Amino acid sequence: MTGKYFLVGGGPAVRSMGEPLMGEFINAAGGKDAKIAIITAGTNDPAEVNACYWEIFLYWGVKHLFSPKIFSREDAQADWIYPKLAECDGCLLQEAHNIN
């Protein structure tokens with residue numbers, strides 16, 4: 001398989017070390033050498049959830065991570081974000097229900 005992969009939703013179950021779904025996502029995106037974006041803008045505590053996902057991806061051996069700080073629509077629409085996302089092989093995206 002080739003292409004871009006998105007894991008939308010996340011949640012506490014996926015935020016467990018060794019969660020098989022996360023391993024499948026990483027493998028589909030290209031394995032340990034994949035470039036993975038983490039977007040936690042839809043959570044109540046984006047920084048804490050982001051840090052949790054960094055730990056999990058590092059646990060799985062992924063070292064190429066991109067996690068833009070998005071706290072508003074203006075942040076999400078910044079010119080520099082799309083080119084960086086386009087370089088990624090996979091993206092973990094939390095639900096965006098909290099973006100103002």
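**H1 against H2**

I started with the packing of helix H1 (residues 20-29) on helix H2 (residues 46-59) in this predicted model. I read an angle of about 70° between the two, and their axes lie 11 Å apart. H1 is therefore roughly perpendicular to H2, since angles of 65 to 115 degrees fall in that class. For the handedness I noted a right-handed crossing of H1 past H2.

I then looked up which residues meet at this crossing. From H1 I listed Met22, Phe25 and Ile26; from H2, Tyr53, Ile56 and Phe57. Sorted by class, the contact has 6 nonpolar residues, no polar ones and no charged ones.

**Thr40**

Next I went to Thr40, which sits in the loop between strand S2 (35-39) and H2. Is Thr40 buried or exposed? I have Thr40 down as buried because its relative accessible area is 6%, and the cut-off for buried is under 20%.

I checked what the polar side chain of Thr40 faces. A polar atom of that side chain lies 3.0 Å from the backbone oxygen of Pro46. Pro46 belongs to H2, which covers residues 46-59.

I also wrote down the contacts of Thr40, leaving aside neighbours within four places in sequence: Pro46, Val49, Asn50, Tyr53 and Gln94. Tyr53 had already come up, as one of the H2 residues that meet H1.

**The loop between S3 and H3**

I took two residues from the loop between strand S3 (64-66) and helix H3 (73-76), beginning with Ile70. Ile70 counts as buried because its relative accessibility is 8%. Which residues does Ile70 touch, apart from neighbours within four places in sequence? I found Ile39, Ala41, Asp75, Ala76 and Ile81. Of these, I looked up the spacing to Ile81: 11 residues along the chain, with 9.7 Å between the C-alpha atoms.

Ser72 is in the loop between S3 and H3 as well. I put Ser72 down as buried because its relative accessibility is 17%, and under 20% is what the class requires. I noted a polar contact from the side chain of Ser72 to the side chain of Glu74, at 3.3 Å. Glu74 falls in H3, residues 73-76.

**Leu85**

My last single residue was Leu85, in helix H4 (residues 81-86). Leu85 counts as partly exposed because its relative accessibility is 25%. I listed its contacts, again without neighbours within four places in sequence, as Ala37, Ile39 and Phe66. Ile39 is also in the list I made for Ile70.

How far apart are Leu85 and Ala37, in sequence and in space? They are 48 residues apart in sequence, and 6.7 Å apart from C-alpha to C-alpha. Ala37 is part of S2, which runs over 35-39, and Phe66 is part of S3, 64-66.

**Whole chain**

I finished with the overall figures. I counted 4 helices and 4 strands in the protein chain. Read from the N terminus, the order of elements is β-α-β-α-β-α-α-β.

Of the 100 residues in the chain, 40% are buried; Thr40, Ile70 and Ser72 are among them. I also looked up how far apart in sequence the contacts reach. Taking contacts with a separation of 6 or more, I noted that 74% are between residues 24 or more positions apart. The pair Leu85 and Ala37, in contact and 48 residues apart, is one of these.

Conventions
Residues are numbered from 1 along each chain as its sequence is written. This is a predicted model: local features need pLDDT of at least 70, side-chain atom pairs count only at pLDDT 80 or more; totals for chains, interfaces and linings use all residues. Side-chain values use heavy atoms; hydrogens and water are left out. Axes are lines fitted to C-alpha atoms, for helices over the stretch in contact, and angles run from 0 to 180 degrees between N-to-C directions. Angles under 35 degrees count as roughly parallel, over 145 as roughly antiparallel, 65 to 115 as roughly perpendicular and the rest as oblique. A crossing is left-handed if the near helix is turned anticlockwise from the far one by less than a right angle, and right-handed if clockwise. Contact means heavy atoms within 4.5 Å. Ala, Val, Leu, Ile, Met, Phe, Trp, Tyr, Cys and Pro count as nonpolar, Asp, Glu, Lys and Arg as charged, and the others, Gly among them, as polar. Buried means under 20% relative accessible area, exposed over 50%, partly exposed in between (1.4 Å probe, protein chains only). A polar contact is a pair of N or O atoms within 3.5 Å; within protein, one must be able to donate a hydrogen and the other to accept it, and residues adjacent in sequence count only if both atoms are side-chain atoms.
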